[in-house]
Amino acid sequence: MKNILFKSLEESGKILKEYMDKDFIIESKDIISNLVTEVDKRSESKIIEIIKTEYPTHNILSEEIGAINDVSDVKWIIDPIDGTINYAHGIPICCVSIGVEKAGEIIMGGIYNPFSGEIFFAEKGEGSYLNSKKIHVSEESVFEKSLLVTGFPYNTGNNPNKPVEVFSAIVNMDIPVRRLGSAALDICWTACGRFDGFWEYNLNAWDVAAGYLILTEAGGKVTDFKGGKYSVYNKEILATNGKIHSSILNIIQNIKK
Ligand code: IPD
Ligand code: CA
Ligand code: CA
């Protein structure tokens with residue numbers, strides 16, 4: 001499956017590169033700022049074509065097309081462009097993300113930013129890699145010295161979890177927090193130690209399936225906002241180097257009260 005995963009990432013990555021400087025169709029989905037482009041759809045079709053040619057009975061869960069269910073216990077979880085708003089504005093902070101779930105467990109994941117040439121990859125029990133180099137989460141244990149990243153849901157204004165309040169509490173402690181606009185890359189950049197922690201509300205399985213494995217195989221910790229067991233079907237994610245996990249968790253929990 002690894003070769004098909006890489007082939008899918010490389011071929012879809014070529015499509016992202018090819019269309020970046022061209023005119024392409026951009027539409028809004030449920031909310032005006034939630035975009036889908038012609039390139040998301042082209043990328044998705046190419047990935048599904050590659051997977052289905054090799055594995056006709058495997059299941060698919062992909063952002064734009066939804067679920068294609070068959071008889072297999074394998075499911076490919078696909079985000080054909082993560083960071084579509086960036087992509088639509090010509091900002092090369094975006095990627096293709098593909099996770100492979102087998103019997104309910106994520107066993108493989110790959111995330112490719114064709115503009116930086118970085119491919120993050122992990123296989124269950126085999127560690128995580130950035131291109132051919134093994135990666136590990138950071139060693140930072142002093143919360144005040146950490147560099148964090150977050151994202152805001154499309155319904156930020158009405159979100160009961162108060163994402164802006166959590167963000168504001170942390171930046172008011174003079175801790176730097178970035179907002180890149182691609183949850184999959186946020187997780188990968190935490191996995192390789194550029195960031196010390198990431199949290200976000202309202203994500204979907206395709207945003208996080210590959211990243212979840214990449215971060216955990218890189219030694220990181222992932223939980224929900226109660227500090228409990230995480231599933232990629234959870235809407236909320238807290239993903240860190242493990243050492244500053246409880247500091248962010250405490251802030252999230254105190255603000256939600
Ligand atoms: C989005 C990105 C963004 C996050 C949004 C996601 P998309 O995915 O990951 O960083 O803040 O919640 O929906 O729509 O670009 O695939
Ligand atoms: Ca996404
Ligand atoms: Ca997407």
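**Ligand 1, two calcium ions and an open sheet**

Q: Why is the pairing of Glu200 with ligand 1 called a polar contact?
A: In this predicted model, a polar side-chain atom of Glu200 lies 2.6 Å from an oxygen atom of ligand 1, and because the cut-off for two N or O atoms is 3.5 Å, the pair counts as a polar contact. Asp82 offers another polar side-chain atom, 2.7 Å from an oxygen atom of ligand 1, while a polar backbone atom of Ser182 is 3.1 Å from an oxygen atom of the ligand.

Q: What makes ligand 1 buried or exposed?
A: Taken alone, ligand 1 exposes 370 Å², and the protein buries 93% of that area. Around the ligand there are 15 residues, of which Asp82, Gly83, Thr84, Ala183 and Glu200 come nearest.

Q: How do you know which residues are the protein donors of the calcium ion (ligand 2)?
A: The OD atoms of Asp79, Asp82 and Asp207 lie 2.1 to 2.2 Å from the calcium ion (ligand 2), and since donors of Ca may lie within 3.2 Å, these atoms therefore qualify. Along the chain these donors follow the spacing D-x2-D-x124-D. Asp82 belongs to strand 5 (residues 74–82) and Asp207 to helix 6 (residues 205–217), so the pair ties together parts that are 125 residues apart in sequence.

Q: What connects the calcium ion (ligand 3) with the calcium ion (ligand 2)?
A: The two ions are 3.7 Å apart, and Asp79 coordinates both. The protein donors of the calcium ion (ligand 3) are Glu63 (OE), Asp79 (OD) and Ile81 (O), at 2.2 to 2.3 Å from the ion, and in sequence they are spaced E-x15-D-x1-I. Glu63 sits in the loop between strand 3 (59–62) and strand 4 (66–68), whereas Ile81 is in strand 5, and this pair links distant parts of the chain, 18 residues apart.

Q: Why are strand 13 and strand 15 called paired?
A: Four bridges join strand 13 (residues 197–200) to strand 15 (residues 237–240), and because at least two bridges are required, the two strands are paired. They run antiparallel, with Phe198 standing opposite Ala239 in strand 15.

Q: What makes strand 12 and strand 14 edge strands?
A: Five strands form an open sheet with mixed pairing, in the order 12-11-13-15-14, and strand 12 (177–178) and strand 14 (221–223) each pair on one side only. Helix 7 (residues 245–256) lies across strands 11, 13, 14 and 15, running at about 155 degrees to strand 15.

Conventions
Residues numbered from 1 in each chain as written. Chains lettered and ligands numbered in written order. Predicted model: local features only at pLDDT ≥ 70, side-chain atom pairs only at ≥ 80, totals over all residues. Heavy atoms only, no water. Contact = heavy atoms within 4.5 Å. Axes fitted to C-alpha atoms, helices over the stretch in contact; angles between N-to-C directions. Near = heavy atom within 4 Å. Polar contact = N/O pair within 3.5 Å; in protein donor to acceptor, adjacent residues only side chain to side chain. Areas by Shrake-Rupley, 256 points an atom, 1.4 Å probe, with all protein chains shown as cover. Donors = N, O, S within 2.8 Å, 3.2 Å for Na, K, Ca; no water.
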